[in-house]
Amino acid sequence: MVKFYNTFTKKKEEFYPIEDKIVRMYTCGPTVYDFAHIGNFRAYVFEDLLHRFLEYIGYRVIRVMNITDVDDKTIKGAKKEGISLKEYTDRYIKYFLEDMDILRLKKPDFMPRATEHIKEMVQLIKKLLDKGYAYYKGNSIYFSISKFPNYGKLSGIDLSNVKIGARVDSDEYEKEDVRDFVLWKEAKEHEGVYWETEIGRGRPGWHIECSAMSMKYLGETFDIHTGGVDNIFPHHENEIAQSESATGKKFVNYWLHCAHLLVNGEKMSKSKGNFYTLRDLLSKNYNPVAIRYLLLSAHYRDPLNFTEKSLKQAENTVKNYNEFYQGLNICASEKNNPVIKQEIEKAKKSFIEGLSDDLNISFSLSSIFNFIKNINVFFSKGEFGKENVKEVKDFIEDIDRVLCIIEKKEESLPAEFLNLIRKREQARKNKDFVEADKIRDFLKQKGIILEDTPYGTRWKKIK
RNA sequence: GGCCUGGUAGCCAAGCGGGAAGGCAGCGGUCUGCAAAACCGCUAUUCGCCGGUUCAAAUCCGGCCCAGGCCUCCA
């Protein structure tokens, strides 16, 4: 049984999708005006874990991640460089997709761009106008929150506490209620970005794209909607209001939000200059898999404090984990140990148990590390056969469908080095340790570490 | 000011009423020709602080301190 903490009910709930064995899931994606930073990626890694885990336990996941390619920041950025909006956003979309690959993030089934769904947004806004939930002020269109009694339920916000008139755009027309939000923005000549539509000349507000695109690909009611906690209000609150007003149906069954990433204990912000992009870290030679591991290894609803020290720790963990995985091959014994299979079953059960409990990854990881410890005991005692190697490798690869932290190195050595290793083994048999150590030292200088095991000598390259 | 999280060893991090998981780092040992790897042991009489409830609290309640989030665009 899988449980998730649902922001809407503020409780951990058993998870049942609408359609048996199929999960429809929407994850708020990037606004493509710059490189994404690791804070953004924390959310995407969390969503990736959710996606992969649901598939691991047998669900078919249909996932949508939107790309916001029209808003104030993208328009401003394109204008500043004197290029078209499309040219500008295409560039950052490309970078984003590259970053996703580097962090081994699974591609959602759909990554719709807002600018390619103007028609759907217009239809939705029209519906809201027809039903009386939206109104024109000038040529802009607003959603009237007073018409939606449940407004504020997701965020638990008390509307009377929302600061009134905190920000008034000079060219924004008077809204009926300052807390109303914009669905459609009247074209501004200086922006030069607008669409001629039946509801007027303009561009969409931010919130409407997620409602229009999620419902297009997932239906009017779907299972899971995710994002960072900062999306709860007003973004997701507004999505619920406009979607449910338009359809008269429940929009989303489970809302999952991840906490923020801190950098050195502080909020990440441009003014402090304390944010990292993925590229910043890669240029410092950090292992991208370790970045993934670090973002993955803390519970998604707890704030995660990112430091380079913790990243180095993550690198060591990932390295040890992979050395375990890669080092199994050496074993060539025919003697099979039947206990290994039981260990695998035990570990797999705990692994699933942890993640089933609102993605308690720490619990799952501890079961895997305990498993590795147990396997190492059998391995170093020589109670481990060729068949066991396959079983254990298969298991590590199996859970890697969720974790994605193994590195399959198809490394080889030049024949001369392999000959040296054979020569050294012969020397050791002859008790010629001077010669043996000479060869070992030589190879070490070449970046090759030798390890003698009960099954023979194995080698690995220094990173 | 209102609402909401979190504070567990040197660092990261589970546990959320009755034995303080796991990872990283460090030290000692076993194994080894020597190493490496692995394993074993040690490193929190104690879980931000102060009270309270209870036979029993890191876990529940109250107060306080610290950090962070939302209330305005933000993963």
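Here is a short tour of a predicted model, stop by stop, for you to follow in your viewer.

**Stop 1: two crossing helices.** Select residues 38–56, which form helix 1, and then residues 288–297, which form helix 8. Their axes come within 9 Å and cross at roughly 75°. That makes helix 1 roughly perpendicular to helix 8. Now show the side chains where the two helices meet. On the helix 1 side, pick I38, F41, R42, V45, D48, L49 and R52. Their partners in helix 8 are R292, L295 and L296. Try colouring this contact by residue type: you'll get six nonpolar residues, four charged ones and no polar ones.

**Stop 2: the cysteines.** How many disulfides does a search of the whole structure find? Zero. To see a pair that doesn't make it, select C210 and C28. The sulfur of C28 is the closest cysteine sulfur to that of C210, but at 4.0 Å it is too far for a bond, because a disulfide needs the two sulfurs within 2.5 Å. While you're there, switch on a surface: C210 is buried, with a relative accessible area of just 1%.

Next, jump to C404, which is in no disulfide either. The nearest cysteine sulfur belongs to C258, and it is 18 Å away. C404 also counts as buried, at 9% relative accessibility.

**Stop 3: a long-distance pair.** Select residues 339–356 to bring up helix 10, and find E353 in it. Is E353 buried or exposed? It's partly exposed, with a relative accessible area of 46%. Finally, add A187 and draw a line between the two C-alpha atoms: E353 and A187 are 52 Å apart in space and 166 residues apart in sequence.

Notes
Residues are numbered from 1 along each chain as its sequence is written. Chains are lettered from A and ligands numbered from 1 in the order in which they are written. This is a predicted model: local features need pLDDT of at least 70, side-chain atom pairs count only at pLDDT 80 or more; totals for chains, interfaces and linings use all residues. Side-chain values use heavy atoms; hydrogens and water are left out. Axes are lines fitted to C-alpha atoms, for helices over the stretch in contact, and angles run from 0 to 180 degrees between N-to-C directions. Helices (H or I, at least four residues) and strands (E, at least two) are DSSP runs, numbered from the N terminus. Angles under 35 degrees count as roughly parallel, over 145 as roughly antiparallel, 65 to 115 as roughly perpendicular and the rest as oblique. Contact means heavy atoms within 4.5 Å. Ala, Val, Leu, Ile, Met, Phe, Trp, Tyr, Cys and Pro count as nonpolar, Asp, Glu, Lys and Arg as charged, and the others, Gly among them, as polar. Buried means under 20% relative accessible area, exposed over 50%, partly exposed in between (1.4 Å probe, protein chains only).
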